[in-house]
Each structure stands twice: as structure tokens, then as C-alpha cells.
Amino acid sequence: MFTAKPNASNAWKGIVENAWNLREGVRTEVGNGKRTLFWYHNWATAQPLSSNELQLGDENEDQMVWSGSSHGNFSLKSAIAIIRKEAENERDSFWDFVWQRNLPQRINFFLWLAAHERLMTNANRFARGLALSAACTICDSTEETTLHLLRDCSLARSVWRSLVPHPEQAMFFARPLRN
Ligand SMILES: [Zn+2]
């Protein structure tokens with residue numbers, strides 16, 4: 001489910017790679033049970049388990065499947081539907097602003113992941129045990145957080161300096177993520 005075709009754009013690969021972050025949309029199909037966390041994965045019901053009996057089969061590996069659609073395959077449309085529902089609950093002016101722009105769905109999805117600190121930065125990968133270091137591989141000097149990746153890294157800064165009018169740069173580089 002969570003593999004992009006080799007010829008997919010980098011943006012799309014990033015989206016697919018990050019899809020599992022939408023926990024509301026992911027359930028687990030249990031095979032031998034080795035990769036499924038009994039209490040925390042939605043393997044039995046739409047909610048994590050509290051008390052149910054589990055029957056394990058020996059042959060098949062556990063698989064993550066997308067419960068946002070009936071066929072179990074990830075689709076951007078179903079992900080956006082989940083995001084919009086979450087955003088409505090948040091009643092957040094930032095999201096009102098984003099939805100009103102009628103941006104492409106991929107951009108909405110990317111913004112949502114970024115605003116919720118769910119981009120697979122090295123800091124997030126390290127926190128999940130998926131990387132050996134949280135450091136940025138470009139500048140190698142600090143943690144690769146969302147804000148570092150998108151704005152504060154030396155490479156990102158050079159791009160932003162050419163885009164943001166000079167008088168506004170000091171304020172731009174001082175703002176927190178959501179602003
Ligand atoms: Zn960096």
C-alpha cells in the first residue's frame with residue numbers, strides 16, 4: 001500500500017511515505033502478529049483494542065492497510081477527507097485559509113503534515129527509531145525538525161532569501177511554524 005511507483009515525483013513519494021501518519025486511516029491486517037501492537041493498532045475494530053480475543057495465523061506477515069477506502073489501498077482523496085474532518089474539529093483559521101485557496105490536494109496534504117509536525121524529518125524518524133541520528137544531512141549542524149527542513153536549513157534559507165522581500169526577512173525567519 002505505502003510504496004510509490006519508482007517514476008513518481010518526489011512530492012508524491014513524500015506523500016506516500018508519510019501516509020501512515022494518518023492513524024485514523026490505517027488499520028492492521030493481522031497475519032502472524034509479529035508487527036502488530038496488540039493494544040495500539042486498529043487491527044480488530046476502528047478503535048484500538050481494549051478487550052477482544054485474537055486468533056493468529058502462522059503463514060502471513062501482518063500488513064498495514066488503508067481503512068479510509070473500501071479496497072484498502074491508499075488514495076489521496078480519502079486521506080484529504082480524513083484531514084478535512086480533523087481540520088473541521090480543530091476549527092482553526094489557518095485551515096480555513098488553506099481550504100479557501102483551492103490548492104491542489106497534494107499541497108493541502110503536505111501543508112497538513114507539515115503543520116502537524118508529521119513530515120518524516122530526521123528528528124521525527126529518530127524519535128520513532130527509524131534513523132540513527134536526528135541531525136540534518138544537508139548542514140549537519142542541528143536537528144532536522146520541520147521548521148529546519150522547510151525554512152532554517154542553509155539550503156532552504158538561500159531559497160527564501162531570494163523570495164521574501166528584504167525588509168520582511170527578519171520577521172519571516174523568526175516566526176513559529178504555524179505562522
Ligand atoms: Zn540543515
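In this predicted model, a convenient place to begin is Asp140, which sits in the loop that links α5 (122-127) to α6 (146-152). Asp140 has 10 C-beta neighbours inside 10 Å, and because a residue with 12 or fewer is classed as exposed, Asp140 counts as exposed. Cys153 is 13 residues away from Asp140 in sequence, and the C-alpha atoms of the two are 9.5 Å apart in space.

Cys153 leads from this loop to the interior, for Cys153 belongs to the largest nonpolar core. This core has 12 residues: Val65, Trp66, Phe74, Ala79, Ile83, Phe109, Trp112, Leu113, Leu119, Cys136, Leu149 and Cys153. At least two residues of the core come from each of β2 (63-66), α2 (76-90) and α4. The largest share, 3 residues, is supplied by α4. Residues of the core are given by both domain 1 (1-104) and domain 2 (121-179), so the core lies between these two domains.

The helix α4 deserves a closer look. Within α4 (residues 105-115), the buried residues are Asn108, Phe109, Trp112 and Leu113. These four lie on the same side of α4, because the arc that they cover around the axis is only 130°. Phe109, Trp112 and Leu113 also appear in the list of core residues given above. After α4 comes Glu117, a residue with a positive phi, near 55°.

It helps to set these details within the chain as a whole. The protein chain contains 8 helices and 2 strands. Read from the N terminus, its elements follow the order α-β-β-α-α-α-α-α-α-α. The chain has 179 residues, of which 18% count as buried. Among contacts with a separation of 6 or more, 51% join residues that are 24 or more positions apart.

Finally, a word on confidence. The mean pLDDT of the protein chain is 74, with 61% of its residues at 70 or more. In residues 49-54 the pLDDT is below 50, and this stretch has 5 contacts in the model beyond near neighbours in sequence. Predicted coordinates should not be read in detail where pLDDT is low.

Notes
Residues are numbered from 1 along each chain as its sequence is written. This is a predicted model: local features need pLDDT of at least 70, side-chain atom pairs count only at pLDDT 80 or more; totals for chains, interfaces and linings use all residues. A residue is buried if 20 or more other C-beta atoms lie within 10 Å of its own, exposed if 12 or fewer, and partly exposed in between; C-beta atoms are placed from the backbone. The arc is that of the directions from the helix axis to the C-beta atoms. A nonpolar core is a set of buried Ala, Val, Leu, Ile, Met, Phe, Trp, Tyr and Cys residues joined through C-beta atoms within 7 Å. Domain bounds come from an automatic or database domain assignment. pLDDT is the predictor's confidence in each residue, from 0 to 100. Two residues are in contact if their C-beta atoms, placed from the backbone, lie within 7 Å.
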